[in-house]
Amino acid sequence: MSVTAVALTKQDEEQRGALVERLFRGGVALLEMFSIYVGDRLGLYRALAENGPSTTAQLARSAGIHERYAREWLEQQAVAGLIEVTTESTDGAKREYGLSPGHAEVLLNPDSLNYLVPIVWAIPGLAATLPALFKAYRDGGGVPYKDYGAEFRNSIASLNRPMFKNQLGTEWIPAMADVDRRLQADPPAKVADVGCGSGWSSIAIAQAYPKVRVDGFDIDEASIATARENATRAGLNRQVTFELRDAAAPGRAASYDLVTAFETIHDMSDPVAALTAMRALVAPGGAVLVADERVAEAFSAPGDELERFMYGWSVLHCLPVGRVDPPALGTGTVMRPETLRRYARDAGFSGVEILPIEHDFWRFYRLRQ
Ligand SMILES: C[S@@+](CC[C@H](N)C(=O)[O-])C[C@H]1O[C@@H](n2cnc3c(N)ncnc32)[C@H](O)[C@@H]1O
């Protein structure tokens, strides 16, 4: 089909108009996401939150940036509705800008479930890996997780951390009453946290259940180094340990009361081998908990925003990450419940129960021995 020569029907024209509008809106959103990144990295939101409503000159002084840039950024942020004009003036130099408490929570409170600013930290990693991504698309290979860089890693960790901190010990584990009881009991229970990344889930388990010992494993060296630092800062060095280890490697067999895998199975190049190893780690009567993306049961197009969000990560990050090491299955972000059931069956589990936990992003699977 020649793109230029085709006469458009009314329906084609409507579709064309809708796409033009969509790309325009996407362009606005893209530019604003970059501007949020600038404001975050240069400490501009923090300066506004700490110093209260500020003029251009005041923000420039408090954040240590040039006044001309401060003026343009403040005007752009106000026009975008990200910050507010708190004192209007026809004299731009006297106009004051502030950050509302609700927006401050989203942009500056790392403990809040509404802390979403880390999503923009993924931008540099996604951009930097594009040449490798194009190569992978052509030759079917992968892009190593570490190539996405420290900011990307921290983006994932910081987006997930508030969920671990606020929900893991109060909602997720208590949804398995027997496990909740065991983790509070003596002798102290043992937990293995597979694909632990920067360690926030392991730390949250230890904080929610002060008796337990947690061993976190991850294949990414930088993540394990960060996890150790995070545990030290939390004062949990004796209760939580981290080890550089492939999830598929055999560990201490039958010795854990709970084995967890948070948002990691779909990233693994050999998820069945990992699940097989996890099954071997768990002690008789223990539990295996997998939390992974809350995608639809089956493919359907067009999809809702959550499905679009998950596919967006998949085409740029999760699929190429899962295509790196042989057998490089490449599950991608969109791991359907049926796919996990199949992996679990192949790994020797007798069944998979979906736990009744309301969650915007994740589904919780308890794998039965
Ligand atoms: C999306 S991150 C999630 C990290 C962490 N669980 C969290 O929720 O913040 C996926 C993690 O899986 C780890 N991973 C991937 N394949 C692995 C494997 N075969 N063994 C252990 N960890 C693996 C990656 O290194 C990365 O830290």
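This passage describes the ligand site, a pocket, a salt bridge and some backbone features of a predicted model.

In this predicted model, local features were considered at a pLDDT of at least 70 and side-chain atom pairs at pLDDT 80 or more, while totals for chains, interfaces and linings use all residues. Residues are numbered from 1 along each chain as its sequence is written, and side-chain values use heavy atoms, with hydrogens and water left out.

The ligand is surrounded by 18 residues, among which Gly195, Asp218, Ala247, Phe262 and Thr264 come nearest, a residue being counted as near if one of its heavy atoms lies within 4 Å of the molecule. This shell comprises 8 nonpolar, 4 polar and 6 charged residues, where Ala, Val, Leu, Ile, Met, Phe, Trp, Tyr, Cys and Pro count as nonpolar, Asp, Glu, Lys and Arg as charged, and the others, including Gly, as polar. Its largest share, 3 residues, is contributed by helix 8 (residues 149–172); helices (H or I, at least four residues) and strands (E, at least two) are DSSP runs numbered from the N terminus. Polar contacts with the ligand (pairs of N or O atoms within 3.5 Å) involve a polar side-chain atom of Asp218 at 2.6 Å from a ligand oxygen, and an N or O atom in the side chain of Thr264 at 2.7 Å from an oxygen atom of the ligand. A polar side-chain atom of Asp246 lies 3.0 Å from a nitrogen atom of the ligand. Of the 590 Å² of accessible area that the ligand has on its own, the protein covers 94%, as computed by the Shrake-Rupley method with a 1.4 Å probe.

The second largest pocket holds about 990 Å³ of space, the volume being that filled by probe spheres set on grid points joined across faces, edges and corners. A pocket is here an open set of points, on a 1 Å grid over the protein atoms alone, where a 1.4 Å probe fits, with protein on both sides within 12 Å along at least five of seven lines, and lining residues have an atom within 4 Å of a point. Its lining consists of 21 residues, with Ala29, Leu30, Met33, Ile119 and Phe309 nearest the centre; helix 1 (10–41), helix 6 (122–128) and helix 13 (305–321) each give two or more residues to this lining. By class, 15 of the lining residues are nonpolar, 3 polar and 3 charged.

The structure holds 21 salt bridges, defined by a side-chain nitrogen of Lys or Arg within 4 Å of a carboxyl oxygen of Asp or Glu. One of them links Lys10 and Glu14, whose closest N and O atoms are 4.0 Å apart; these residues are separated by about one helical turn because they stand 4 residues apart in helix 1.

Cis peptide bonds join Asp186 to Pro187, with omega about -10°, and Ala301 to Pro302, with omega about -5°. Pro187 is found in the loop between helix 9 (177–184) and strand 3 (190–194), whereas Pro302 lies in the loop between strand 7 (282–293) and helix 13. Ala254, although not a glycine, has a positive phi of about 50°.

Note on methods. Polar contact = N/O pair within 3.5 Å; in protein donor to acceptor, adjacent residues only side chain to side chain.
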